[in-house]
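Work through the exercises below with the sequence and the model side by side. Try each task before you read its solution.

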Amino acid sequence: MESKEVEAEEDEGPPPGWQSIPLPSSQSPPQPPLSEMAQMVCGSCRRLLKYPRGAKHVKCSCCDTVNLVLEAHEVGQVKCGSCEVLLMYPYGASSVKCSSCTFVTEITEHNRRPPWSVQQGQLSSPPKPVR
């Protein structure tokens with residue numbers, strides 16, 4: 001009979017006033033709305049990364065590379081001088097190294113392309129309000 005009484009006590013559940021509190025590590029941080037998220041490709045492992053808009057750096061969860069985030073009007077394009085892959089670079093750079101063939105292409109006036117925002121038909125600066 002004693003074994004039945006012990007089993008009955010175990011099945012009653014926790015004592016009164018006791019409640020489970022989730023550990024902070026098990027909670028994921030709140031995610032911003034999708035409209036406030038952006039995407040980029042990791043410059044090292046080429047994985048697609050999602051990050052909150054306005055971030056200046058994004059750390060890749062796969063290879064731990066810290067990627068610099070550039071807005072469309074801050075990016076230039078040039079073809080690689082060796083394999084002709086289209087490369088993107090931050091404005092002001094004097095050269096860019098190709099991630100495919102490792103050739104270093106000098107950024108000069110004759111091989112410079114317009115900013116991505118111009119190619120997309122967007123203004124590089126916000127429009128002035130009409131009064």
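**Exercise 1. Place Gly92 and find a partner across space.**

Step 1. Gly92 sits in the loop between β6 and β7. Strands here are DSSP runs (E, at least two residues), helices are runs of H or I with at least four residues, and both are numbered from the N terminus.

Step 2. Gly92 counts as exposed, because its relative accessibility is 78%. The scale runs as follows: buried is under 20% relative accessible area, exposed is over 50%, and partly exposed is in between (1.4 Å probe, protein chains only).

Step 3. Now look at Val75. In sequence, Gly92 and Val75 are 17 residues apart; C-alpha to C-alpha, they are 9.4 Å apart in space.

Two notes on the source apply throughout. This is a predicted model, in which local features need pLDDT of at least 70 and side-chain atom pairs count only at pLDDT 80 or more, while totals for chains, interfaces and linings use all residues. Residues are numbered from 1 along each chain as its sequence is written, and side-chain values use heavy atoms, with hydrogens and water left out.

**Exercise 2. Do the same for Leu70.**

Step 1. The loop between β4 and β5 holds Leu70.

Step 2. Leu70 counts as partly exposed, because its relative accessibility is 31%.

Step 3. Gly54 is 16 residues from Leu70 in sequence, and their C-alpha atoms are 9.5 Å apart.

**Exercise 3. Describe the hairpin of β5 and β6.**

Step 1. Find the strands. β5 covers residues 75–79, and four of its five residues are buried. β6 covers residues 86–90.

Step 2. Check the pairing. β5 and β6 run antiparallel, with five bridges between them. Two strands count as paired if DSSP finds at least two bridges between them.

Step 3. Match the residues. Lys79 is opposite Leu86, and Val78 is opposite Leu87.

Step 4. Sort the faces of β6. Leu87 and Tyr89 form its covered face. Leu86, Met88 and Pro90 form the uncovered one.

Step 5. Look at the turn. Six residues lie between the two strands of this hairpin.

**Exercise 4. Which residues other than glycine have a positive phi of about 65 degrees?**

Step 1. Recall the background. Most residues other than glycine have a negative phi.

Step 2. Take Asp64. Its phi is positive, about 65 degrees, although it is not a glycine. Asp64 is in the loop between β3 (57–59) and β4 (66–68). Asp64 is partly exposed, with a relative accessible area of 49%.

Step 3. Take Glu84. Its phi is also positive, near 65 degrees. Glu84 is in the loop between β5 and β6. Glu84 is exposed, at 56% relative accessible area.

**Exercise 5. Which backbone nitrogens do the side chains of Asn67 and Thr105 reach?**

Step 1. Asn67 is in strand β4. Asn67 is buried, because its relative accessibility is 7%. Its side chain reaches the backbone nitrogen of Gly43 at 2.8 Å.

Step 2. Thr105 is in strand β8 (residues 104–106). Thr105 is buried, because its relative accessibility is 4%. Its side chain reaches the backbone nitrogen of Gly81 at 2.9 Å.

**Exercise 6. What lines the largest pocket?**

Step 1. Fix the term. A pocket is found on a 1 Å grid over the protein atoms alone: it is an open set of points where a 1.4 Å probe fits, with protein on both sides within 12 Å along at least five of seven lines. Lining residues have an atom within 4 Å of a point.

Step 2. Give the volume. The largest pocket holds about 1,000 Å³ of space. A volume here is the space filled by probe spheres set on the points, which are joined across faces, edges and corners.

Step 3. List the lining. There are 29 lining residues, and Met40, Val41, Leu68, Val75 and Met88 lie nearest the centre.

Step 4. Trace the strands. β1 (37–41), β4, β6 and β7 (95–97) each supply at least two residues. The largest share, five residues, comes from β6.

Key. Polar contact = N/O pair within 3.5 Å; in protein donor to acceptor, adjacent residues only side chain to side chain.
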